[in-house]
Amino acid sequence: QLQLVESGGGLVQAGGSLRLSCVASGTIFPIYAMGWYRQAPGKQRELVATETTSGNTNYADSVNGRFTISRDNTKNTVYLQMNSLKPEDPAVYYCKLERGTRTFPIGYYWGRGTQVTVSS
């Protein structure tokens, strides 16, 4: 059974930093991509950043230059380093894992999320 467990959320002042982690376990291979999405109250879930196993990254315009996604494939872990946090960044941050390949996807899976709160 595939499981994604996020950690690292919390309360931080505007301008501060947080580092999120997501550990994947279970039947996770082959992995096409891992990434982060977020959902604020009353809003749809949106892409934050993703990274494919081949190393291609994609960032939302709103976080580009402030957030950095990285993966440790030896630990089946994806990280999100969030710097210069803004009042518009608070949300529940979800880890997503996509299995398969770009041509032959198998499925995608979500973690339960971790709350990020930014105080002004």
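## A starting point: Ser 84

Is Ser 84 buried, partly exposed or exposed? In this predicted model, Ser 84 has a relative accessible area of 39% and therefore counts as partly exposed. Look for Ser 84 in the loop between β8 and β9. Its backbone deserves a glance too: phi is near 50 degrees, a positive value in a residue other than glycine.

## Backbone points to look at

Asn 76 can be read alongside Ser 84. Asn 76 lies in the loop between β7 (67-72) and β8 (77-82), and its phi is near 50 degrees, again positive in a residue that is not glycine. With a relative accessible area of 19%, Asn 76 is buried, because the cut-off for that class is under 20%.

The peptide bond that runs from Phe 29 to Pro 30 is cis, and its omega is near -5 degrees. Pro 30 itself belongs to the loop between β3 (18-25) and β4. As background, most residues other than glycine have a negative phi, and most peptide bonds are trans.

## The aromatic cluster

Searching the whole structure turns up three aromatic pairs. One of them joins Tyr 37 and Trp 110 edge-to-face, with 5.1 Å from centre to centre and 80 degrees between the planes. This pair connects distant parts of the chain, as Tyr 37 is in strand β4 (residues 31-39) and Trp 110 in strand β10 (residues 105-110), 73 residues apart. Tyr 37 is buried at 14% relative accessibility, whereas Trp 110 has a relative accessible area of 32% and is partly exposed.

Trp 110 also pairs with Tyr 108, once more edge-to-face, at 6.4 Å centre to centre and with 85 degrees between the planes. Tyr 108 is exposed, its relative accessible area being 53%. Taken together, ring pairs join Tyr 37, Tyr 94, Tyr 108 and Trp 110 into a cluster.

## Arginines over rings

Tyr 94, a member of that cluster, has a charged partner as well: the charged end of Arg 45 sits over the Tyr 94 ring, 3.7 Å from its centre. A second arrangement of this kind involves Arg 19, whose charged end sits over the ring of Tyr 79 at 4.0 Å from the ring centre.

## The β9-β10 hairpin

How do β9 and β10 pair? Strand β9 (residues 91-100) pairs with β10 in the antiparallel sense, over five bridges. The two strands form a hairpin, with four residues between them. Within this arrangement, Gly 100 stands opposite Pro 105 of β10.

Note on methods
Residues numbered from 1 in each chain as written. Predicted model: local features only at pLDDT ≥ 70, side-chain atom pairs only at ≥ 80, totals over all residues. Heavy atoms only, no water. Phe/Tyr/Trp six-rings, centres within 6.5 Å; stacked < 30°, edge-to-face > 60°. Buried < 20%, exposed > 50% of the residue type's maximum accessible area, 1.4 Å probe, protein only. Lys NZ or Arg CZ within 6 Å of the ring centre and 35° of its normal. Pairing = 2+ DSSP bridges.
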